[in-house]
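Visitor: I should like to be guided through a protein chain, one question at a time. May we begin with the model itself in view?

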Amino acid sequence: MPDGSTLIVTGYPTDYTNDETPLEPGQQAEGYIYALSSNLLVNEEDTTQTWGYLFSRIKYYSRSIQEQGLTINQKRMDSISYELEPASGYSFSDMEVHYLSIDGLFNDFAENTFITSQLVMTNFPTTSMIWVSTNAGYNSTSAVSYSPVFNGREYYFEHFLIGRIIG
């Protein structure tokens, strides 16, 4: 760290692969694709003051399936990676990470939450996530929300893979 202290980060190796389940007959997956998002985190009262930086990466699969003569495009989260950098003067205590997938076409839902004090996490597995339909017109979402606590105050950041509404 800049102050000379040592930060020990534990996580998953960068080549970690989460889902070894073979595809079902007729399914094709394009392999790993990455959705990247970054945000310069600003103080809500004083937007000239930044309280940190959050970089988020969602690793996901993409596929197309045939259902009743229709081609349905789907995505499924495989893992989450993030990097959090508090700005000078801000101390980070912990962060709630909430991820979910809602498929409006097939009425399926999956979610999970964990609390971490790590500034960096690489390839956290999202084993419980489902395939989510991406075709327009379906009420589907797949996203990760981050709620870091800086100087005792909680902030909120969302990274959407599909859709725009969490909860």
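Visitor: In this predicted model, does Asn123 count as buried or exposed?

Guide: A residue is called buried when its relative accessible area is under 20%. Asn123 has a relative accessibility of 0%, so the term that applies is buried.

Visitor: Which element holds Asn123, and what is its phi?

Guide: Asn123 belongs to strand 7, which covers residues 120-125. Asn123 is a residue other than glycine, yet its phi is positive, with a value near 55°.

Visitor: Gln68 also has a positive phi; where is Gln68 found, and is it buried or exposed?

Guide: Phi of Gln68 is near 50°. This residue sits in the loop that runs between strand 3 (50-67) and strand 4 (70-86). The limit for the exposed class is over 50% relative accessible area. Gln68 reaches 78% relative accessibility, so it counts as exposed.

Visitor: How many helices and how many strands does the protein chain have?

Guide: Read along the sequence, the pattern is β-β-β-β-β-β-β-β-β-β-β. The secondary structure therefore holds strands and no helix, in keeping with the use of β for a strand. The count is zero helices and 11 strands.

Visitor: What share of the residues in the protein chain is buried?

Guide: The accessible surface of the protein chain is about 9300 Å², and carbon and sulfur atoms hold 48% of that surface. The chain has 167 residues, and the buried share of them is 43%.

Visitor: Among contacts with a separation of 6 or more, what percentage joins residues 24 or more positions apart?

Guide: A contact here requires heavy atoms within 4.5 Å. Of the contacts in the protein chain with a separation of 6 or more, those between residues 24 or more positions apart account for 62%.

Visitor: How many residues of strand 9 are buried?

Guide: Strand 9 covers residues 141-150 and has two faces to consider. On one side, Thr141, Ala143, Ser145, Ser147 and Val149 are buried; on the other, Ser142, Val144, Tyr146, Pro148 and Phe150 are buried. Both faces are thus accounted for, and the number of buried residues is 10 of 10.

Visitor: Which residue of strand 9 is the bridge partner of Val97?

Guide: Strand 5 (residues 92-103) and strand 9 run antiparallel and are joined by nine bridges. For Val97, the partner in strand 9 is Tyr146.

Visitor: Which residue of strand 11 is the bridge partner of Val144?

Guide: Strand 9 is also joined to strand 11 (residues 157-162), in the antiparallel sense, by five bridges. In strand 11, the partner of Val144 is His159.

Visitor: In the hairpin of strand 9 and strand 10, which turn residue has a positive phi?

Guide: Strand 9 pairs with strand 10 (residues 153-154) in the antiparallel sense through two bridges. One of the paired positions is Phe150, whose partner in strand 10 is Arg153. Two residues lie between the strands of this hairpin, and the one with a positive phi, of about 50°, is Asn151.

Visitor: What distance separates the C-alpha atoms of Ser145 and Phe157?

Guide: Ser145 is in strand 9, and its relative accessibility of 4% places it in the buried class. Ser145 and Phe157 are 12 residues apart along the chain, and their C-alpha atoms are separated by 5.7 Å.

Visitor: Which residues touch the most other members of the largest nonpolar core?

Guide: This core has 29 residues. Strand 3, strand 4, strand 5, strand 6 (108-116), strand 7, strand 9 and strand 11 each give two or more residues to it. The members that touch the most others are Tyr82, Leu84, Tyr99, Val144 and Tyr146.

Visitor: What kind of aromatic pair do Tyr99 and Phe114 form?

Guide: The whole structure has nine aromatic pairs. In the pair of Tyr99 and Phe114, the ring centres are 6.4 Å apart. Both residues are buried. Their planes meet at 65°, so the pair is edge-to-face.

Visitor: Which element of the protein chain has the highest mean pLDDT?

Guide: The predictor's confidence averages 78 over the protein chain, and 69% of the residues score at least 70. Strand 1 (residues 28-29) has the lowest mean among the elements, 48, whereas the highest mean, 94, belongs to strand 5.

Conventions. Residues are numbered from 1 along each chain as its sequence is written. This is a predicted model: local features need pLDDT of at least 70, side-chain atom pairs count only at pLDDT 80 or more; totals for chains, interfaces and linings use all residues. Side-chain values use heavy atoms; hydrogens and water are left out. Helices (H or I, at least four residues) and strands (E, at least two) are DSSP runs, numbered from the N terminus. Buried means under 20% relative accessible area, exposed over 50%, partly exposed in between (1.4 Å probe, protein chains only). Accessible areas come from the Shrake-Rupley method with a 1.4 Å probe; for residues, only the protein chains shown count as cover. Two strands pair if DSSP finds at least two bridges between them. pLDDT is the predictor's confidence in each residue, from 0 to 100. A nonpolar core is a set of buried Ala, Val, Leu, Ile, Met, Phe, Trp, Tyr and Cys residues joined through side-chain atoms within 4.5 Å. Rings of Phe, Tyr and Trp (its six-membered ring) pair if their centres lie within 6.5 Å; planes under 30 degrees apart count as stacked, over 60 as edge-to-face and the rest as tilted.
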